[in-house]
Number of protein chains: 4
Amino acid sequence: MAKGKVCLAYSGGLDTSCILQYLLDEGYEVIAFMADVGQEEDFQAAKEKALKIGASQCYIEDLRREFIEELCYPAIACNAIYESVYLLGTSLARPVIARAQIAVAQKEGCFAVSHGCTGKGNDQVRFELAFYALQPSIKVIAPWRDPVFYNRFKGRNDLLDYAASKHIPVTSTKSKPWSMDENLAHCSYEAGILEDPNTSAPEDMWKLTADPTKAPNEPEDFTLHFEKGLPVKLESKQEGTKTDPVDLFLTANTIARRHGVGRIDIVENRFIGLKSRGCYETPGLTMLRSAHIDLEGLTMDREIRALRDQFVTFAYAKILYNGLYFSPEREFLETSITASQKSVNGAVRCRAYKGMFSVVGRWSDTEKLYDESESSMDEIGDFQPQDTTGFISVNAIRLKKYGKAKEEKGESLVKH
Amino acid sequence: MAKGKVCLAYSGGLDTSCILQYLLDEGYEVIAFMADVGQEEDFQAAKEKALKIGASQCYIEDLRREFIEELCYPAIACNAIYESVYLLGTSLARPVIARAQIAVAQKEGCFAVSHGCTGKGNDQVRFELAFYALQPSIKVIAPWRDPVFYNRFKGRNDLLDYAASKHIPVTSTKSKPWSMDENLAHCSYEAGILEDPNTSAPEDMWKLTADPTKAPNEPEDFTLHFEKGLPVKLESKQEGTKTDPVDLFLTANTIARRHGVGRIDIVENRFIGLKSRGCYETPGLTMLRSAHIDLEGLTMDREIRALRDQFVTFAYAKILYNGLYFSPEREFLETSITASQKSVNGAVRCRAYKGMFSVVGRWSDTEKLYDESESSMDEIGDFQPQDTTGFISVNAIRLKKYGKAKEEKGESLVKH
Amino acid sequence: MAKGKVCLAYSGGLDTSCILQYLLDEGYEVIAFMADVGQEEDFQAAKEKALKIGASQCYIEDLRREFIEELCYPAIACNAIYESVYLLGTSLARPVIARAQIAVAQKEGCFAVSHGCTGKGNDQVRFELAFYALQPSIKVIAPWRDPVFYNRFKGRNDLLDYAASKHIPVTSTKSKPWSMDENLAHCSYEAGILEDPNTSAPEDMWKLTADPTKAPNEPEDFTLHFEKGLPVKLESKQEGTKTDPVDLFLTANTIARRHGVGRIDIVENRFIGLKSRGCYETPGLTMLRSAHIDLEGLTMDREIRALRDQFVTFAYAKILYNGLYFSPEREFLETSITASQKSVNGAVRCRAYKGMFSVVGRWSDTEKLYDESESSMDEIGDFQPQDTTGFISVNAIRLKKYGKAKEEKGESLVKH
Amino acid sequence: MAKGKVCLAYSGGLDTSCILQYLLDEGYEVIAFMADVGQEEDFQAAKEKALKIGASQCYIEDLRREFIEELCYPAIACNAIYESVYLLGTSLARPVIARAQIAVAQKEGCFAVSHGCTGKGNDQVRFELAFYALQPSIKVIAPWRDPVFYNRFKGRNDLLDYAASKHIPVTSTKSKPWSMDENLAHCSYEAGILEDPNTSAPEDMWKLTADPTKAPNEPEDFTLHFEKGLPVKLESKQEGTKTDPVDLFLTANTIARRHGVGRIDIVENRFIGLKSRGCYETPGLTMLRSAHIDLEGLTMDREIRALRDQFVTFAYAKILYNGLYFSPEREFLETSITASQKSVNGAVRCRAYKGMFSVVGRWSDTEKLYDESESSMDEIGDFQPQDTTGFISVNAIRLKKYGKAKEEKGESLVKH
């Protein structure tokens, strides 16, 4: 091939099928790449389609385990959350996909990688920053940022016409009035009718979770065990006991989905400075993260927790959201996450019901930071209550000065 | 009176009745002080009891409005939360109570204030740090930290005996196996059987909120309007429209209580370094805070939000939790809260159902940071998609160096 | 003019003279703009040159006062510093220059502004982000990022040839082997021979400050007074008393320059992700900032200071460095700076000597946070030393648990 | 002995000699403990005196190496500084002293440790928090916080009388009008005449460093090499090449002392909430820390540095200052320090002159984050200048909205 090989992230849908054809038209040899991160997809049909359109090869890479173990688990361990609400479900999958795509590109000797991300979103940034860190010399072909391409294909109809002219089969299913991105942890919905932030998500949009109003009328209880901050066992009457990370995660999903846990609807700030409205469902991860937070209450030192909350959790979420997983700072922060989780060992008794997750108890066999008798209001124990007098007095030294200064300035703190 | 006047925070219960008597025995004149922060209480009966025991006066101060306007509203405006879970319901009431108690003490010429807080908790610290800032010269009498007192009254029975011997009437109601603290925003449950962190809260414990499993089967929708980050209007089919802060807050409570919203169960880190288990219900505040967070997504600049989240919210919660409301740093932070909220104007459409609060839409008539057509994936608009190429390239400069350094050290980021 | 008016930031040097000519060649009408921020420059000669080349107008705007009052003073008030070393001398001047240039552009009806910044530096980013905030509709012409321009003018010789062909007079002075940027606060040196980070700055490079080894052999003392964190009076035997901000700042410069104070040599991280080596001299600002820090020790509450140091100072410096002065976050932070400085009232006795600035004493007539007798180790005063026992005991609760956990795990903290 | 053994931190001075006698009077057996952290002291004479007074044993522990390697070196690696000025010289020595004292106490079977710290300072807190973490069951006897003791010994004369009555020899040297604390890294001066923050430090007070005005007239150059952020080699014409940590540190001291580098004079905020004035000299550490900061500019990733500066450096300094070295949070932070320093490999060319330390060049043989040709303003290299246009445009999206909102509200950012 005159112009060399390109590894294209392919989904089987209209956009990437047209891009595949377009790259062939432009004289590239195309290697199609599909990442299995747990989304519902007919991978074989898509592969056949890619080959039929003209891809030289089509790789389907099963990344589910590494997605859970390398991305979702650290996110649980640091309680990652973006802008107080979003659990980063889409962002978490991008690093494993980009890494596998570069691996295929390297194996196949591709000089470039390509993708079908739009020019205003976060995903283009996440994929490409990962590509450049993973292989600094790689070239990226992003058709939706190429004026030649986007001026030619101004809407879905232009793509449909092009597909027809090129004999690319198009699934007859009517396109949904929003776009979706799914993986094992999460499904996102945005664009289309959701662009009006005051249009409520239609009930039939949600795919992964039961409608809470139709969820079982009985709460369902289960127990989650953690070691060094990572989930190691899920015990459920209905689902049995799971210890393998993938099994455990999928079972958490099963329970959360059944009870409609994990739906959110937000307006968030994209890396490129635009605001965007998204509806997300993140069933199992929502429960695992909340249970983890609970266990930290029992087993983690207050000051480590405060430092971790304010710096590590905040920075980790921002870094992941912005697509900076393969970066010096993520590597740096992950050391801190690990160091913070040494004592997060124990179990949390959990409940799912009608969209709500709650904790109903927790214990640790190994960590002793919580001491019933010591905390007890009814026992004196080893503790001298009068010590607190000194503690208060010393803490009051600075405040008394504040009060006196206020008095002198005639700005009484007391209301009369 | 030989030993001077003491202003005692009085509740009408066994502890503070015995303390009142004890202070009289010790030769003090006692001014009883009761704060109405919205707790369920027979204030008149308590007042009569205080006077009957021997208090010279009994003040009942209605602090509900200032509690909501001066404490709960700023907490909403900065999304205050302690250790990811606790909305500070108890902590928020302490400053207004301490301030009113000092005002009474000053009016009555008391040289000291007294309270019935235990020696291991946060509340003694919160009250006393406030007292010392409000009136640096005040003396504090804390019987539960006085060995003479606590060695004499080692348990409830000692108090009952003492009450009997002093003809102090004791309510016959059997004491509950936990202790409670209630105000307009919140009710807390701790100690007693709850000290085992793995003992689930009994269903009949919760006082303010319906059991979610018995809550209505139909979701209830309502709309919250905010100006400069503060709630200014609640619109509800069932409850009507409320604009007065107290009305609005109480109506939010009514809706949340009906649907069982706002229960949590945690192990938290007290200021004095002990861990403690608490069950809290915070109905209306939970919803108001969540709606406020949602509106910030639509109306607040990304970078102000990030600075506010990481520094102001974090520090404000810690300061309130630790009882440092009357402090230079709280004053300083409140300036930042106000500055951050200028653009938080708009409305949020909300839903309560079976313990869960969710947002189903939001809009702003005045703030234009969100722009549908600009954010739209389907429109090019004013935006040049190719600009993002440069944005990514420049952000990748540092990452390519990282990737190259990894390659040179033989630590490939790619998995093969 | 067919292609409209452009307002060009003009310096009179070779680069911007060629750009002026180039813009005329391209068919634009050019309004030349020169900002006087205190740099040594023959503004009249430059103006004549601009008009001779063909500018329709040449504005010379005196921005010295606003530069000091609006930029340098807030920087002093928050102790702004980038990467522990750099006082932001260049960054601080950019906002006033950009603002004045946009004002001229608006007055003259220009559709675009232009500048001669290179394509790898921070200044292009700082100017243009300011332009876009100040007038979102403005167009920017940046020749050094235009391939047509930079491929045509690959080096100084190409510019010299072009200038000769266009009869643009070129100053005969041999170009220095580095580039400089000067203003009232600072002079920077970078590029050229300085690009090797191990090449020491030549002694004859430094322009604003005396060589410390040749500075006076006697230290020089002076006193700086601050109100609300801003310098309000400088008292010097040699220089007299100054209260006007510009006079005061210039006098601080005079003293610092005489004694060689304020030189640094660093490798810093640019916004665009490259590292760059710079030598900077910032005479007066170095002393004013250090004196301000000292006074905060005496007059500022510990916790406000800690919050300000960690968040406000850090963020303000980053924002200024990256060119985000005209931004929501800078406005937000400036509210915090003001709030933090209420008590920073007093005076600092200072000394300059052979490159070193030091503080030899300080006092405040109004702030009473420091109390000699209270701090005195020799007096008991109002303070109960035994209170500290309780303070230590309570702080030790958490640490004893840490020690016990270590013991139980056999990881003794003690070395034997 | 009826009342058991106490291990007393002994200095040979008047205070601790009287305390030793007092403890004996009280019926304790006393083990004297002296820590050699590099202070100038006649340890043998002090030991003889302790034994003569009645100590059963006197231990002299040489802690110089562990002080440098375990405390000073991590402090350099994270650029530790308290309140922008203080290098923590005293705080850094406390952990090794407390640890060695507990080791002696354990070896000797002491039930308690004792010290002569005053009741208002930081050192009592630092020692005791360390004691409690190191051995949670230890008792602490702090005579200066015991009313019986401090009411009996109200001033120096009471101690002198007591010493005379007990035949304790007192050095005839007249007491200095300030108190000092010295170690290998630092000497502090406070109290006495220094309590007036406007009294300048007398020139004859400074002990460790030459008066800058009397320091050599020629600058002295030397080179410091670092590996993973730690000093590994000092090369000096005058002093030779040093690689052993103690030799290297002492040589840095020698050079800095000769040139009067490292004096400061500040008012700082103590842990207990009082302000206090201190004069400190920290010769070698000042230079080692500054050189380390410089090398980070060349070799450390920007984002790791920003995270480290804002969180790790800030928290580490506060923790050390407050005496929380033996704590979960310090252990946690030290992991982050190590992780941040992987790339801090290279050398810094340094200069000392008349109180001033400066950097005159730096290089790294292994780290390639700085790239001369890439950073060069004169070369295009691998970089596309037009990429910056996109970078600026995307960063401007948010700022244009800000500008538009300002315009709409009639709050123009432009001055006319």
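Start by selecting K354(A): you'll find it in the loop that links strand 13 (346-353) and strand 14 (356-363) of chain A. Keep in mind throughout that this is a predicted model. Check the backbone here, since K354(A) isn't a glycine and yet has a positive phi of about 50°. Is K354(A) buried or exposed? It is buried, because 27 other C-beta atoms sit within 10 Å, and 20 or more is enough for that label.

**A second loop, in chain C**

Now jump to K228(C), in the loop between strand 8 (220-227) and strand 9 (230-236) of chain C. Here again is a positive phi in a residue other than glycine, this time near 45°. The surroundings are worth displaying too: K228(C) counts as partly exposed, because it has 13 C-beta neighbours inside 10 Å.

**The antiparallel sheet of chain C**

Stay in chain C and bring up the strands. Five of them form an open sheet in the order 10-9-8-13-14, with antiparallel pairing. At the edges you have strand 10 (240-242) and strand 14 (356-363) of chain C, each of which pairs on one side only. Look along the sheet and you can follow the twist, which averages 25° from one strand to the next.

Zoom in on strand 13 (residues 346-353) and strand 14 of chain C, an antiparallel pair held over seven bridges. Which residue of strand 14 is the bridge partner of A352(C)? Pick F357(C).

Next, add helix 8 (residues 245-258) of chain C, which packs on this sheet. Helix 8 touches strand 8, strand 9, strand 10 and strand 13 of chain C, and its direction makes about 50° with that of strand 9 of chain C.

**Back to chain A: the parallel sheet**

Select residues 5-169 of chain A. An unreviewed UniProt entry annotates this stretch as "domain: Arginosuccinate synthase-like N-terminal". In the model the span is 52% helix and 15% strand, and its end C-alpha atoms are 24 Å apart.

Then show the open sheet of five strands in chain A with the order 3-2-1-4-5, where the pairing is parallel. The edge strands to colour are strand 3 (57-62) and strand 5 (139-141) of chain A, since each pairs on one side only. The twist averages 25° from one strand to the next.

For a close-up, take strand 4 (residues 112-114) of chain A, which runs parallel to strand 5 of chain A and is joined to it by three bridges. One to click on is A112(A), whose bridge partner in strand 5 of chain A is K139(A).

**Where chain D meets chain A**

Hide the rest and keep chains A and D. A rotation of 180°, with 0.0 Å of shift along its axis, puts chain D on chain A with an RMSD of 0.0 Å. That is how a two-fold axis relates two copies. To find the axis, go to S336(D): its C-alpha lies 2.9 Å away, the closest approach of any residue of chain D. Both copies use the same surface, with 100% of the contact residues of chain D recurring in chain A.

How many residues does each chain put into the contact? Chain D gives 21 residues and chain A gives 21 residues. On the chain D side, select helix 10 (302-321), helix 11 (328-340) and helix 13 (385-408), each of which supplies at least two residues. Helix 11 of chain D has the largest share, seven residues. Finish by colouring that side of chain D by class: 11 nonpolar, six polar and four charged residues.

Definitions and conventions. Residues are numbered from 1 along each chain as its sequence is written. Chains are lettered from A and ligands numbered from 1 in the order in which they are written. This is a predicted model: local features need pLDDT of at least 70, side-chain atom pairs count only at pLDDT 80 or more; totals for chains, interfaces and linings use all residues. Copies are superposed by least squares on the C-alpha atoms of residues with pLDDT of at least 70 in both. Two residues are in contact if their C-beta atoms, placed from the backbone, lie within 7 Å. Two strands pair if DSSP finds at least two bridges between them. Helices (H or I, at least four residues) and strands (E, at least two) are DSSP runs, numbered from the N terminus. Axes are lines fitted to C-alpha atoms, for helices over the stretch in contact, and angles run from 0 to 180 degrees between N-to-C directions. Ala, Val, Leu, Ile, Met, Phe, Trp, Tyr, Cys and Pro count as nonpolar, Asp, Glu, Lys and Arg as charged, and the others, Gly among them, as polar. UniProt positions are given in the numbering used here, feature names are shortened, and annotations may be inferred rather than shown by experiment. A residue is buried if 20 or more other C-beta atoms lie within 10 Å of its own, exposed if 12 or fewer, and partly exposed in between; C-beta atoms are placed from the backbone.
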